[in-house]
Amino acid sequence: MPRPRKRLAGAAGLDKKGPAGKHVKTKNTESSSPQKIPASKNCEKNTGSYWLMKSEPESRLEKGVDVKFGIEDLKAQPKQTACWDGVRNYQARNFLRAMKVDEEAFFYHSNCKEPGIAGLMKVDVQFVRMMKRFIPLAELKTHHQAHKATGGPLKNMALFTRQRLSVQPLTQEEFDFILSLEEK
């Protein structure tokens, strides 16, 4: 059985402490940028109630370990709940730590043939439901481009302004707009 590749260290009261109450470093597999990049305006003002979290639904070996973990894998976990570990990027890790229990997140399939939003989950990641339809990256990108010109809800979405982050905050406006796409 594949094991989840990301962990919510510090989120929802899960801050890991070792002997004598000292903080323990968690295993990280996400690449970190060597330069500091300031958060987008969208990220700064929303430490949020809504999130987008990326994971890889197709098999890929990293140091001999398969890092595959798609929404179907989350759904198959006991109580449909799993740890989210492997985040190394400092900003993504800080977003994980800012999350609270029962906040909603989109489960985004990345690094695959057709990347996009596959479902909903709650933080500390628990399966909520599949999307009524898969919302591909190409469709989101089309809306983003249109909204940049017209000032729509996806104009500053971190998925396009900070593509490399595996954990990203969403505004309520972004979250609601993406949910509305299910019906189309």
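In this predicted model, Met53 makes a good starting point: leaving aside residues up to four places away in sequence, its contacts are Trp84, Leu96, Met99, Ala105, Phe106, Phe107, Tyr108, Met121, Val125, Ser166 and Val167. Met53 is also one of the best-connected members of the largest nonpolar core, a set of 21 residues in which Trp51, Met53, Leu74, Trp84, Met121 and Val167 touch the most other members. At least two residues of this core come from each of strand E1 (50-55), helix H2 (71-76), helix H3 (90-98), strand E4 (104-109) and strand E5 (116-122). The top contributor is H3, with three residues. A second core sits apart from this one; it has 18 residues, including Leu120, Ile135, Leu140 and Met157. As a general backdrop, nonpolar side chains in soluble globular proteins tend to be buried together.

Trp84 turns up again among the aromatics. The whole structure holds six aromatic pairs. In one of them, the ring centres of Phe69 and Trp84 lie 6.3 Å apart with the planes at 75 degrees, so this is an edge-to-face pair. Phe69 belongs to the loop between strand E3 (65-66) and H2, and Trp84 to the loop between H2 and H3, so the pair ties together parts 15 residues apart in sequence. Both Phe69 and Trp84 are buried. Trp84 also pairs with Phe107: here the centres are 5.6 Å apart and the planes meet at 85 degrees, so this pair is edge-to-face too. It links distant parts of the chain, with Phe107 in strand E4, 23 residues from Trp84. Phe107 is buried, like Trp84. Elsewhere on the aromatic list, Tyr50, Phe106 and Phe175 make up one cluster.

Helix H4 (residues 137-150) passes a simple length check: at 1.5 Å a residue, its 14 residues should span 20 Å, and the end C-alpha atoms are indeed 20 Å apart. Its buried residues are Leu140, His143, His144 and His147. These cover an arc of only 105 degrees around the axis, which puts them on the same side of H4. Ala138, Thr142 and Ala149, on the other side, are exposed. The cover over the buried residues of H4 includes E5, strand E6 (126-136), helix H5 (158-161) and helix H6 (172-181). After H4 comes Gly151, with a positive phi near 85 degrees.

As for cysteines, a search of the whole structure turns up zero disulfides. Cys83 counts as partly exposed, at 32% relative accessibility, whereas Cys112 counts as buried, at 17%.

Definitions and conventions: Residues are numbered from 1 along each chain as its sequence is written. This is a predicted model: local features need pLDDT of at least 70, side-chain atom pairs count only at pLDDT 80 or more; totals for chains, interfaces and linings use all residues. Side-chain values use heavy atoms; hydrogens and water are left out. A nonpolar core is a set of buried Ala, Val, Leu, Ile, Met, Phe, Trp, Tyr and Cys residues joined through side-chain atoms within 4.5 Å. Buried means under 20% relative accessible area, exposed over 50%, partly exposed in between (1.4 Å probe, protein chains only). Helices (H or I, at least four residues) and strands (E, at least two) are DSSP runs, numbered from the N terminus. Contact means heavy atoms within 4.5 Å. A disulfide is a pair of cysteine sulfur atoms within 2.5 Å. The expected span of a helix is 1.5 Å times one less than its number of residues. The arc is that of the directions from the helix axis to the C-beta atoms. Rings of Phe, Tyr and Trp (its six-membered ring) pair if their centres lie within 6.5 Å; planes under 30 degrees apart count as stacked, over 60 as edge-to-face and the rest as tilted.
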